[in-house]
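I opened this entry to keep track of what I looked up in one protein structure. The notes are in the order in which I made them.

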Amino acid sequence: MNYRPSILDDIAAALEPYGMVPRGGFVFDDKNQAPQITEGARPQSVILAGHFGSSIWPHFVQWREDHPSAQDPLDTWSREVLTAVAAKLGATAVFPSDKPYLPFQQWAMRAEGLCASPLGLLIHPEYGLWQAFRGALLFDRALDLPARGAQRSPCVDCQDRPCLSACPVNAFSVNGYDVARCRGHLASGEGDACLNGGCLARRGCPVGREHAYGEAQMRFHMDAFAKS
Ligand code: B12
Ligand code: SF4
Ligand code: SF4
């Protein structure tokens, strides 16, 4: 049985107080198999929840003031928020940090028609690299969702690919992302520009630069990455 498309409106309304938005969804098929998250039937549909630019930041900061000793605070906040939203909507929430890792980026490519940038991060035509996912809502029914075609990647028309030459230690190359090289630079005492201002490769992309995270959010993410 299909459900009315306004489920997306309901989800948008439930996420809005936290600065999150539904980032599309789809009904699983054989090629995009649903994860078995609980005993019994597999879920049939997924809706991704995420943010564009800094929209979650003030909401998270406010929560953090009330939970100063929370471990992995952004993950904890996301779990708290999305578990409650899922319960309200009759869904189950899953998270990017759940292990084994769920294929969030593959889901997002299908749900929102996004493409991968040379950095591995998905790129959005308007928000560029300044967007991410906080979780996904799994439904045990086939939602009636609008069809979504692939969006044209801004990388196709980007001749110079400044993202690939901005890293001071060339951690990104055609061979992928050399995480050890990046971490080595951050730990060397020479990486303050990245630690304080955000990944220089990510910042090197001109698309959606006006949506780049603010200083405090950049530092928060880089600190969490450096300590992980
Ligand atoms: C493990 C992981 C990492 C690892 C290793 C990344 C790697 N080389 O693969 C580390 C810790 C290094 C990392 C770093 C970052 N990550 Co990360 N990471 C993940 C995580 C938790 C799992 C990836 C995975 O294995 N998935 C399982 C496979 C089966 O799923 P998949 O969709 O098929 O996997 C895709 C990725 O592997 C991708 N990929 C391949 N190479 C690279 C390289 C990079 C840099 C990334 C981000 C992805 C990527 O290709 C696959 C798509 O076909 C995902 C969340 C998730 N569950 O997917 C976030 C995720 C991919 N990371 C994300 C982000 C934002 C980052 C950081 C920018 C964090 C930050 N500092 O703010 C950094 C980038 C480094 C930097 N210099 O700043 C976002 C990407 C959002 C987007 N716009 O696409 C995700 C989706 C988390 C989220 N909450 O949204 N990450
Ligand atoms: S700099 Fe160019 S190639 Fe790199 S992510 Fe941005 S648009 Fe894509
Ligand atoms: S954080 Fe700095 S060192 Fe690491 S990939 Fe980005 S630019 Fe390179």
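What follows are my entries on domains, helices, ligand shells and a few backbone details.

**Entry 1: the model and its domains**

I noted at the outset that this is a predicted model. I looked up the division of the protein and found domain 1 (7-153) and domain 2 (158-227). I then looked up the distance between the two C-alpha centres, which is 24 Å. For the contact between the domains, I have 22 residues of domain 1 against 19 residues of domain 2.

**Entry 2: helix H2**

I asked myself which residues of helix H2 (residues 57-66) are buried. They include Trp57, Phe60 and Trp63. These residues lie on the same side of H2, because they cover an arc of only 130 degrees around the axis. On the other side of H2 I found Pro58, Glu65 and Asp66, which are exposed. I also looked up what covers the buried residues of H2, and the list includes helix H3 (73-89) and helix H8 (215-227).

**Entry 3: helix H4**

I went on to helix H4 (residues 104-112), where Phe104, Trp107, Ala108, Ala111 and Glu112 are buried. The buried residues of H4 fall within an arc of 100 degrees when I look down the axis, so they line one face of the helix. What do the buried residues of H4 pack against? I wrote down strand S1 (21-27), strand S2 (45-52), strand S3 (92-94), strand S5 (122-123) and strand S6 (131-139). Just after H4 comes glycine 113, and its phi is positive, near 70 degrees.

**Entry 4: alanine 111**

I picked one residue of helix H4, alanine 111, for a separate check. I counted alanine 111 as buried because its relative accessible area is 2%, where buried means under 20%. Leaving aside neighbours within four places in sequence, I found alanine 111 in contact with Arg23, Gly24, Gly25, Phe26, Leu48 and Arg148. I also looked up its C-alpha distance to phenylalanine 60, which is 51 residues away along the chain, and the value is 25 Å.

**Entry 5: the shell around ligand 2**

I listed the residues that surround ligand 2: Ser117, Pro118, Ile123, Cys155, Cys158, Arg161, Pro162, Cys163, Cys205, Pro206 and Val207. Sorted by class, this shell around ligand 2 has nine nonpolar, one polar and one charged residues. Where does ligand 2 lie with respect to domain 1 (7-153) and domain 2 (158-227)? Both domains give residues to its shell, so ligand 2 lies between them.

I checked two members of the shell around ligand 2, Cys155 and Arg161, for accessibility. Cysteine 155 counts as buried because its relative accessibility is 12%. Arginine 161, at 35% relative accessibility, counts as partly exposed. I found arginine 161 in the loop between S6 and strand S7 (172-173). Its phi is near 45 degrees, a positive value in a residue other than glycine.

**Entry 6: the shell around ligand 3**

Around ligand 3 I listed Cys167, Pro168, Val169, Ala171, Phe172, Cys182, His185, Cys194, Cys199, Leu200, Ala201 and Met222. Helix H5 (179-187) and helix H7 (200-203) are the elements that give two or more residues to this shell. By class, I have eleven nonpolar residues around ligand 3, one polar and no charged ones. Cysteine 182 is buried, since its relative accessible area is 13%.

With cysteines listed around ligand 2 and around ligand 3, I looked for disulfides. How many disulfides does a search of the whole structure find? The search finds zero.

**Entry 7: loops and backbone**

I looked up glycine 120 and found it in the loop between strand S4 (115-116) and S5. Glycine 120 counts as partly exposed, because its relative accessibility is 37%. From glycine 120 to phenylalanine 172 I noted 52 residues in sequence and 9.2 Å in space, C-alpha to C-alpha.

Proline 100 is in the loop between S3 and H4. The peptide bond that joins lysine 99 and proline 100 is cis, with omega about -5 degrees.

My last lookup was asparagine 170, which lies in the loop between S6 and S7. Its phi is positive, about 50 degrees, although asparagine 170 is not a glycine.

How values were computed. Residues are numbered from 1 along each chain as its sequence is written. Chains are lettered from A and ligands numbered from 1 in the order in which they are written. This is a predicted model: local features need pLDDT of at least 70, side-chain atom pairs count only at pLDDT 80 or more; totals for chains, interfaces and linings use all residues. Side-chain values use heavy atoms; hydrogens and water are left out. Buried means under 20% relative accessible area, exposed over 50%, partly exposed in between (1.4 Å probe, protein chains only). Helices (H or I, at least four residues) and strands (E, at least two) are DSSP runs, numbered from the N terminus. The arc is that of the directions from the helix axis to the C-beta atoms. Contact means heavy atoms within 4.5 Å. A residue is near a molecule or strand if one of its heavy atoms lies within 4 Å of it. Ala, Val, Leu, Ile, Met, Phe, Trp, Tyr, Cys and Pro count as nonpolar, Asp, Glu, Lys and Arg as charged, and the others, Gly among them, as polar. A disulfide is a pair of cysteine sulfur atoms within 2.5 Å. Domain bounds come from an automatic or database domain assignment.
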